[in-house]
Amino acid sequence: MAVGTTVDPHVIELGRLMLARAPSLGEAMADLLCREIDVYDDDSVVTKDEVRESCVANLTFIFDALARDADSGADVSPAQRTGTTRAISGVPLPAVMTAYRIGFRFMWEQTLAVAREAAIPTDSILAATSRVFFAQETFTQAMSDAYRQQLTVQILEREEERSALVEALLTRRMTDRQSLWEAADLLRLPTSGPYVVVAAGLPAIGKLGLPAIENKLSARDIRSAWRLLPDLQVGIVHLREPGRTLDTLIEVLRQAAHARVGISPPFHELPDTADALRYARLATAGDSPELVTVFDDTPLALAAVSAPEVMTRIRSTVLGRLDAMPAEERAVLIDTFRAWLDVGGSANEAAAQIYCHPNTVRHRLRRIEELTGRSLARPRDVAELCLAFEVSQRLP
C-alpha cells in the first residue's frame, strides 16, 4: 500500500480491539511456542520471559499496523532485537522462522475470531488480511536481517579468535596442556596428532596463497586451522589417516596453490607447532621444481636446519671456494656429487644416471676435492661434504 492511503475504519477498529489483547495473546502464544519448539522449551537457551516479550512485540507491531488510519513507517527495532538476541543465544534461524510461522497462524486465528465476534464485514476482513501479511513480512524480514548480521559478526569474531590461537601455537606462546586442549577444541582440531604445518607463499601482500583452503580440506574430511602472516599463509592440519590423508592434502594443495607451498614433517604434540613451522618455511624456500614440497625429515635434513647460524658457518667453511664459482659450473659439480651419493659411490652408475662418461664423473669429483680440501676416500670428509651440501640446499 502507498504511504498516506486511507484505511477502512472497520480495519482500524479491529486493530484497536486486538491491540488491547496483545499482552494476553502474547502470553498464550509464548506457551504454544514453548510446547511446539524444542529449543524454546529449554530455559537455558531462551527463557520463557524472552519468548513472551518477543511474542508481545510481534503482536503489538502487527495490531498497531491495523489500528493506524494510514500507512506510515513502523518501528522494527523490536524485531531487530529478537533477531540479534536469538543469534547470540545460538537458536538456529530455521527454528526462529518456524516460531514465526506457528505464531502467525495463532495470531490470525485469534484475529478472525475477534473480527467475527465484532461483526466486522467480510471485505474489511480481507483488507485487514492484506495489512497483516504485509506487517508480518516486514517484521520477519527485519528479524532475519538482524539475525544474519549478528551471525556474521560472531563468525568474524570466532575466526579472529581462531586465528589468534593459531598464532599463539606458531610462536610457542601457549605451552600449558590444559590451554592446549582448549585451543584444540576451539580450533576444531583433535587434541593429539599427527599434525603437519602448511606454509604457503603469498602472491601479493594481503592476498591468500590458498584461497578458501579450510573449506576445501573440510570437504575432504580434513580438519585444519589457518592464520595469515605478513609473508605466509600458515595452517595446522590434522592427519586423520597419516599416509592417505597426507596424500589427499598434497592433492588439494596442488589444485589450490598460487605460490610455493611447504609442508612440515608430521608431529604429534601441539607444542611442537613452532618447530614444524620452521620446517614448512624451509620447504617453501627449497630448490624443488614442485609447487608443493614436503620437508624431508631424514636425520641429515633435520641436522642441516637445526642450528642455522652454526650450519651456515659449516657450509661457508666447507664450500666457500665452491660457492665462489659461476652458478652453472657449480650446479654441475653439485648434481654430479648427489648422483654419486645416490648410487652408493659408483662413478660408472653415476655416469649412467646423469648421461656422461665415467671419466667425466671422476674429473668432477676430483674438482670438488680440490675446491673443498676434502677427500672422497675418507668417510669423515664425505660426511662433512654431505652436511654442507644439505645445508646449502635447505637454508637460504
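## Helix α4

Helix α4 is built from 13 residues and reaches 18 Å from its first C-alpha to its last, close to the 18 Å expected at 1.5 Å a residue. The model described here is a predicted one, and the values that follow are computed from it. Within α4, the residues P78, A79, T82, G83, R86 and A87 are buried. An α-helix has 3.6 residues a turn, so residues three or four places apart point the same way. Just after α4 comes G90, which takes a positive phi of about 85 degrees.

## Internal cavities

How many cavities of 30 Å³ or more does the model contain? The count comes to two, and the largest cavity has a volume of about 100 Å³. The elements that give two or more residues to the lining of this largest cavity are α1 (9–36), α3 (48–67), α4 (77–89) and α5 (93–117), so that helix α4, described above, is one of the contributors.

The lining of the largest cavity consists of 14 residues, of which L33, S54, C55, A99 and Y100 lie nearest its centre. In chemical character, the lining residues of the largest cavity divide into eight nonpolar, five polar and one charged.

## The β2–β3 hairpin

Strand β2, covering residues 224–228, and strand β3, covering residues 232–238, pair in the antiparallel sense over five bridges. The two strands, β2 and β3, form a hairpin with three residues between them. Within this pairing, W226 has G235 in β3 as its bridge partner.

## Helix α12 and its contacts along the chain

Two residues of helix α12 illustrate its surroundings. V318 is found in helix α12, which runs over residues 308–323, and G320 lies in helix α12 as well. Is V318 buried or exposed? V318 has a relative accessible area of 4% and is therefore buried, as the cut-off for that class is under 20%. G320, by comparison, counts as partly exposed because its relative accessibility is 33%.

Leaving aside neighbours within four places in sequence, V318 is in contact with T372, R374, E384, L385 and A388. The C-alpha atoms of V318 and L371 are separated by 8.8 Å, although these residues are 53 residues apart along the chain. For G320 and T372, which are 52 residues apart in sequence, the C-alpha to C-alpha distance in space is 7.6 Å; T372 is also one of the residues in contact with V318.

## Helix α13 and residue R330

The 16 residues of α13 should span 22 Å at 1.5 Å a residue, and the end C-alpha atoms of α13 are 22 Å apart, so the expected and modelled spans agree. Which residues of α13 are buried? They are R330, L333, I334, T336, F337, A339 and W340. After α13 comes G344, whose phi is positive, near 80 degrees.

R330 lies in helix α13, which covers residues 327–342. Why does R330 count as buried? The reason is that R330 has 16% relative accessibility, and buried means under 20%. Not counting residues up to four places away in sequence, R330 touches R315, L322, D323, M325 and S392. Among these contacts, R315, L322 and D323 fall within the residue range 308–323 of helix α12, so that the buried R330 of α13 is in contact with residues of α12.

Key: Residues numbered from 1 in each chain as written. Predicted model: local features only at pLDDT ≥ 70, side-chain atom pairs only at ≥ 80, totals over all residues. Heavy atoms only, no water. 1 Å grid on protein atoms, 1.4 Å probe; cavity = no way out; pocket = protein on both sides within 12 Å on 5 of 7 lines; lining within 4 Å. Points joined across faces, edges and corners; volume = space filled by probe spheres on them. Helix = DSSP H or I, 4+ residues; strand = E, 2+ residues; numbered from the N terminus. Nonpolar A, V, L, I, M, F, W, Y, C, P; charged D, E, K, R; others polar. Expected span 1.5 Å × (residues − 1). Buried < 20%, exposed > 50% of the residue type's maximum accessible area, 1.4 Å probe, protein only. Contact = heavy atoms within 4.5 Å. Pairing = 2+ DSSP bridges.
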